[in-house]
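Biologist: Could you take a close look at one part of this model for me, the interface between the chains? Tell me what is there, then place it in the rest of the fold.

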There are 2 protein chains.
Amino acid sequence: MPLSDQQIAELNTPAVVVDLDIAKKNISRFQDYANIHGLKVRPHIKTHKLPAVADIQLAAGAVGITCQKVSEAEAMVAGSDAIKDVLITYNILGAAKLKQLRALAGKVRLSVVADSAEVVQGLSQAFADAAEPLTVLVECNTGANRCGVPTPEAAAELAVVIDQAPGLVFGGLMTYPAPSGEAAVQSFMTDAKRLIEEKGIAVTVITSGGTPSMMHAAKAPVVTEYRPGTYVYNDRSLVTRGVCGWDECALNVIATVVSVPAENRAIIDAGSKALTSDLLGLTGYGHVLGREDIMIDQLSEEHGRLVTEGPIGLKVGDKLRIVPNHACVVTNLVDSLTVIAEDMSEPEVWPVAARGLIV
Amino acid sequence: MPLSDQQIAELNTPAVVVDLDIAKKNISRFQDYANIHGLKVRPHIKTHKLPAVADIQLAAGAVGITCQKVSEAEAMVAGSDAIKDVLITYNILGAAKLKQLRALAGKVRLSVVADSAEVVQGLSQAFADAAEPLTVLVECNTGANRCGVPTPEAAAELAVVIDQAPGLVFGGLMTYPAPSGEAAVQSFMTDAKRLIEEKGIAVTVITSGGTPSMMHAAKAPVVTEYRPGTYVYNDRSLVTRGVCGWDECALNVIATVVSVPAENRAIIDAGSKALTSDLLGLTGYGHVLGREDIMIDQLSEEHGRLVTEGPIGLKVGDKLRIVPNHACVVTNLVDSLTVIAEDMSEPEVWPVAARGLIV
């Protein structure tokens with residue numbers, strides 16, 4: 001059931017509330033799109049960090065999950081029997097992480113990425129004597145200018161290095177595209193696939209991602225698999241970009257007004273420790289539902305400042321529902337969150353299994 | 001001992017490292033200034049969230065600690081026998097927090113603040129039948145435009161409300177000033193003190209805070225007590241403002257270069273989950289020690305992007321030491337950190353007792 005006014009009034013704030021019914025609709029919406037277009041879905045769990053939500057994504061048709069860290073993958077696998085296939089879209093380096101990776105590979109079907117020979121060498125050393133080889137995809141820079149080999153030719157070269165490395169098997173190509181980058185993805189991946197296949201190496205997976213452009217994923221038909229993350233909860237950045245509406249935002253922060261020190265200013269108990277300082281190109285730090293006129297113009301750790309042009313019309317003790325700019329980073333900050341759903345008789349408190357894993 | 005090159009090479013990154021000797025020097029520097037000027041020091045623990053560091057601050061001469069949350073105060077008191085006097089500089093509202101506050105008041109000398117009759121009423125109800133009254137200071141807005149009563153007259157009115165409220169005793173005046181706000185503090189507090197004393201109520205404490213202006217605290221001689229927080233570690237925002245040098249920054253984030261995908265770009269494994277998105281008015285997300293030419297121009301959760309005008313000269317696997325923009329928010333993100341000191345034979349891993357307490 002949705003939270004009653006009484007339950008909201010009694011919440012100890014700031015509280016992070018997830019509406020599981022909205023999350024399920026968000027999951028279905030993209031799964032339906034992917035099914036129509038013959039795309040596999042591999043959701044990125046960074047947004048929810050909850051094994052139970054991964055289970056819902058897998059039940060809806062996802063082929064596996066995506067993680068950005070070995071530690072997050074460990075926490076997810078430990079929390080769900082349904083997770084059998086994990087892609088870690090990160091260059092994994094260093095003895096400690098490679099050891100963890102090797103241990104995890106014994107539990108699930110595991111793939112990782114690499115964009116340099118140095119990373120491939122580390123992976124190969126760690127898996128040279130493994131019973132099963134580790135699947136490694138080449139990360140490609142298709143315009144986001146973060147990680148990734150710069151050209152299809154470089155992708156083909158690195159595919160050969162992986163193919164020849166003891167303990168490894170080449171798994172395909174991966175990219176995190178620039179916004180509206182479908183044409184660039186299509187062009188880069190088509191060329192890279194051809195160059196790699198010319199060397200007699202199969203390219204079985206081409207994986208792209210990102211919620212903002214997910215409903216245009218089919219514009220790059222070379223892509224076989226898509227990794228949306230934020231789509232499960234949505235947030236203010238996605239509403240602002242026209243990807244969804246406020247009623248499709250599954251994660252809200254409930255805050256209490258702790259001060260109304262001026263006619264056009266109020267202070268809430270959600271600051272950067274709850275809403276985070278992530279702006280994602282926006283102005284202001286979140287949206288107060290039902291109050292288009294309010295700007296959250298400043299955060300300190302424990303205070304959020306709300307300002308209006310006219311009278312703010314709030315009183316001390318009022319509870320507000322806020323859609324944060326960026327849902328993923330909020331999830332990372334909380335040890336647990338309140339989950340509501342029509343088929344729950346009571347709101348439930350769920351620990352966030354993979355929160356706060358910075359290493 | 002400082003970390004050896006070997007120890008840095010073996011660190012599992014991103015890692016937060018605190019040099020306790022630098023922290024001790026930072027603590028002494030302000031304590032010496034305060035002693036000369038007859039100011040009491042009540043450090044804000046939000047920066048370190050470590051009972052053992054509070055112990056050092058108290059041993060150096062601090063009269064007590066400042067917290068922003070009841071939950072952080074609980075964690076600090078639970079972790080240190082030396083903490084006997086706690087000021088919570090926050091409007092505390094709601095049944096759950098008031099109950100926690102009442103329990104904590106039985107363990108230490110406790111003060112809180114209020115800036116409205118509503119907050120005073122809640123505190124009074126919670127302490128009406130307590131054996132000892134709760135000390136409440138009036139929070140005053142001296143220009144930062146966050147919380148606080150707007151005028152000395154309003155401060156005096158609220159002081160009377162506190163003085164007459166069952167279970168409470170008026171404790172004085174508190175402000176978090178605007179940058180370089182000493183003149184405004186002096187003027188507001190002098191007037192408020194006079195108005196309150198005219199009503200026959202003593203004003204025993206006038207407390208101000210903030211690291212950026214701490215070495216100018218004596219310019220507001222009406223202030224009796226000062227609450228610096230970030231001064232213990234310092235950070236890039238304070239170096240940029242001329243408050244300290246890089247070698248006075250006690251907290252560093254050690255990151256590994258995971259990709260060098262272009263001649264003038266490198267990617268590290270410290271993103272917004274380690275360095276945070278806090279800009280504090282700066283450009284870029286931290287300073288790479290020894291590399292004035294590098295800009296950390298973009299963070300996603302697990303990637304930090306480093307760019308240079310000329311060749312970046314880094315290779316995959318290199319370790320970098322970074323001074324974050326804002327030390328306090330980094331502390332909140334980590335379950336533990338690595339502590340080094342000349343008198344430690346080995347680096348120690350300390351759990352961050354009061355981290356991640358969003359409620």
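**The interface**

Modeller: Sure. Across the interface of chain A and chain B the rule finds 30 residue pairs in polar contact, both residues at pLDDT 80 or more. A polar contact is a pair of N or O atoms within 3.5 Å; within protein, one must be able to donate a hydrogen and the other to accept it, and residues adjacent in sequence count only if both atoms are side-chain atoms.

Keep in mind that this is a predicted model: local features need pLDDT of at least 70, side-chain atom pairs count only at pLDDT 80 or more, and totals for chains, interfaces and linings use all residues. Residues are numbered from 1 along each chain as its sequence is written, chains are lettered from A and ligands numbered from 1 in the order in which they are written, and side-chain values use heavy atoms, with hydrogens and water left out.

Now the charged pairs. The rule also finds 8 salt bridges between chain A and chain B, a salt bridge being a side-chain nitrogen of Lys or Arg within 4 Å of a carboxyl oxygen of Asp or Glu. In one of these, the side chains of B:Glu72 and A:Lys273 meet at 2.7 Å, N to O. As for secondary structure, the elements of chain A that give two or more residues to the side touching chain B are strands S4 (85-91), S10 (251-262) and S11 (265-268) plus helices H5 (95-105), H6 (117-127) and H10 (327-333). S10(A) gives the largest share, 5 residues. (Helices, H or I of at least four residues, and strands, E of at least two, are DSSP runs numbered from the N terminus.)

How many residues of each chain are in contact with the other? It's 59 residues of chain A with 59 of chain B, contact meaning heavy atoms within 4.5 Å. The copies meet through the same surface, because 100% of the interface residues of chain A are also interface residues in chain B. About 4600 Å² is buried between the two chains, and carbon and sulfur atoms give 50% of that. On the chain A side, A:Arg146, A:Lys273 and A:Ile358 lose the most area to chain B, together 16% of what that side buries. (Buried area is the accessible area, with a 1.4 Å probe, that two parts lose on being put together, summed over both.)

Another salt bridge pairs the side chains of B:Glu301 and A:Lys46 at 3.2 Å, N to O. B:Glu301 sits in the loop between strands S13 (295-299) and S14 (304-307) of chain B and A:Lys46 in the loop between strand S2 (40-41) and helix H3 (51-60) of chain A, so this pair joins two chains.

What about symmetry? Chain A can be laid on chain B with an RMSD of 0.0 Å by a turn of 180° and a shift of 0.0 Å along the axis; the two copies are thus related as by a two-fold rotation axis. In chain A, the C-alpha nearest that axis belongs to A:Ser277, at 2.7 Å. The superposition is by least squares on the C-alpha atoms of residues with pLDDT of at least 70 in both copies.

Back to S13 and S14, this time in chain A: they pair in the antiparallel sense over 4 bridges, and two strands pair if DSSP finds at least two bridges between them. A:Leu299 has A:Gly304 as its bridge partner, and a hairpin of 4 residues joins S13(A) to S14(A).

Then there's the open sheet of chain A, 8 strands with parallel pairing in the order S2-S9-S8-S7-S6-S5-S4-S3. S2 and S3 (65-67) stand at its edges with a single partner strand each, so one side of each is left without a neighbour in the sheet. S2(A) pairs in the parallel sense with S9 (225-227) over 2 bridges, and A:Val41 has A:Tyr226 as its bridge partner. H6(A) packs on this sheet, touching S4, S5 (109-114), S6 (134-139) and S7 of chain A, and its direction makes about 150° with that of S5(A). (Axes are lines fitted to C-alpha atoms, for helices over the stretch in contact, and angles run from 0 to 180 degrees between N-to-C directions.)
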